[in-house]
Protein chains: 2
Amino acid sequence: MPIKLTILGCHSATPRTNSHTTSQFLEVNKHHFLIDCGEGTQVQLRKYKIKFSKIKRIFISHLHGDHFYGLIGLISTFSLLNRETDLHIYGPKGIKEIINLQLKLTKSWIGYNLFFYELESIKSELIFEDDKIEIHTIPLDHRVYTNGFLFKEKIGKRKLNMKAISKIKEIEICDYQNLKNGRDFTKENRELIPNIDLTFDPLSICSYAFCSDTAYKPEITTIIKNVDLLYHESTFLEDKEFLCKVTKHSTAKQAAKIALEANAKKLILGHYSSRYTNLALFKKEAQTIFQNTELAESGKIFEVFHGKGS
Amino acid sequence: MPIKLTILGCHSATPRTNSHTTSQFLEVNKHHFLIDCGEGTQVQLRKYKIKFSKIKRIFISHLHGDHFYGLIGLISTFSLLNRETDLHIYGPKGIKEIINLQLKLTKSWIGYNLFFYELESIKSELIFEDDKIEIHTIPLDHRVYTNGFLFKEKIGKRKLNMKAISKIKEIEICDYQNLKNGRDFTKENRELIPNIDLTFDPLSICSYAFCSDTAYKPEITTIIKNVDLLYHESTFLEDKEFLCKVTKHSTAKQAAKIALEANAKKLILGHYSSRYTNLALFKKEAQTIFQNTELAESGKIFEVFHGKGS
């Protein structure tokens, strides 16, 4: 499948025995990413049998401990496991200094290349792309500089309509690539067959948006418009909305409003405050606004398939 | 009891689901200390229901991740829990810079005083004392600057021999303090009653030595002579002794030799390499040299009582 998201931790503030702080493992079109890395993330990766070596790029939303205190431990463990593959880390300015100081003082010798991409812009930026996917920042509104991340497949090539093609004798296999690229076909008698008569539209692209931590910020909906899967923090329920203003967090209802406005296909809630024991209330509150809502929990997997939502 | 030691983690290198890196909670004479603080220590403290607020002093042996990567998270959690009590941290030079940089970049406001005592000496030092206990460093031999720590009760006052005292009519309650302090008693007829006839020796002092990480270093036995309880790392078994030279670790047998030479009452082994699955072999190997050996394991408690070993 094009997108598979594994929740490693989805609670706020501090790790507890059964409440792990934010981290997610994301597979998009054969790419493997780690998003945020709270303390204990490496243990969660082992628990869910995710191969450490798969992770090539790590995205850190902001420099609050519950989103990155596990990063230095993971980097060290990669080294102990004799990793040789490059590791790319995207996060707020300062992250390189924190990691490098610790590596220096612990006299750690890292046997692989560590590349940092420090983010400072308050506008959405394209921070990675190849022929399959692109990744954009989603500027959020929190107490410290924070970005969400939008992971988007790139539009693929057109699909051959073999039934239609077989009726045109002159089309040979060497023409297929041109047809996939959208070109029309010209017969020897100069008759032009439009590409649309010989191919189908490419598969729809799949996308995932990670938005944590943030106050309610409706401006982001233009960036994440029509996203298939949206993770949006919901630290509080509506009864504690007054706390959102001070702490720059969101309620479940506010997360649902973002999902609705963005025309997301599915909403995942997380980053619950430890004051709540009945998490079902988050889903219930969000569903008053946006029906297709799910709760994040450690080990839960969300998938998105081409041509339909997750 | 004068000494109660709770093992929070005792494995080397990296935390795993059921193998936690080094950390110990130590109670000595109503003092509460944390020794080392690997990633996930705060979760272990919660698991064993140890009140965070009890911890006033933290001792970090060395700046390798498996001994201190949980410290910044614990400091942050103390703050989230609205701690107001001072926290004192003892550790190698550099620890202050690491913690302060992270607090600065995470824009963390700490509502309590954080005092650092950075260690640089390669000789044993007295780093804390009050009327009840004293704490000394134990310079160890590792790849980075490392100290163990010796926790020692101070000798108490002499105990009153009430039977003997009751026979001397002239001794009044106001004289008891002088007797406890070791003074002789002079009767009105100038007859001197030696203190030793009126009091018993004070309770024996109890002591605990933490020695991790280190290569075999017999010189430390003079510092920890006659210690009641000795935790000494044993990363390897004898079959991997050649690795000890490169990594500056010890075998179970070497740990036992230290215990024997120091005339320790009990030896606790720990810091096992993850290559070993049968930990009973560590105990077996050590017991060929030193019989009273136990294995550290998470949640295990070791106690020392006055007048006898643990």
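Trainee: How many residues does each chain contribute to the contact between chain B and chain A?

Mentor: In this predicted model, 31 residues come from chain B and 31 residues from chain A, where contact requires C-beta atoms, placed from the backbone, to lie within 7 Å. Local features need pLDDT of at least 70 and side-chain atom pairs pLDDT 80 or more, whereas totals for chains, interfaces and linings use all residues. Residues are numbered from 1 along each chain as its sequence is written, with chains lettered from A in the order in which they are written.

Trainee: Which helices of chain B supply at least two residues each to the side that touches chain A?

Mentor: They are helix 1 (41-47), helix 3 (71-80) and helix 4 (95-105); helices here are DSSP runs (H or I, at least four residues), and strands are E runs of at least two, numbered from the N terminus.

Trainee: Why is helix 3 of chain B described as largely enclosed?

Mentor: Eight of its ten residues are buried, so the rest of the structure largely encloses helix 3 of chain B. A residue is buried if 20 or more other C-beta atoms lie within 10 Å of its own. Among the buried ones are B:L71, B:I72 and B:F78. The buried residues pack against helix 2 (65-68) of chain A, and against elements of chain B including strand 3 (31-37) and strand 5 (87-92). Just after helix 3 of chain B, B:N82 has a positive phi of about 60°.

Trainee: How should one read a pair of packed helices?

Mentor: Such a pair is described by the angle and the distance between the axes. In chain A, the axes of helix 8 (residues 252-261) and helix 9 (residues 280-287) come within 8 Å and cross at roughly 45°.

Notes
Axes are lines fitted to C-alpha atoms, for helices over the stretch in contact, and angles run from 0 to 180 degrees between N-to-C directions. Two residues are in contact if their C-beta atoms, placed from the backbone, lie within 7 Å. A residue is buried if 20 or more other C-beta atoms lie within 10 Å of its own, exposed if 12 or fewer, and partly exposed in between; C-beta atoms are placed from the backbone.
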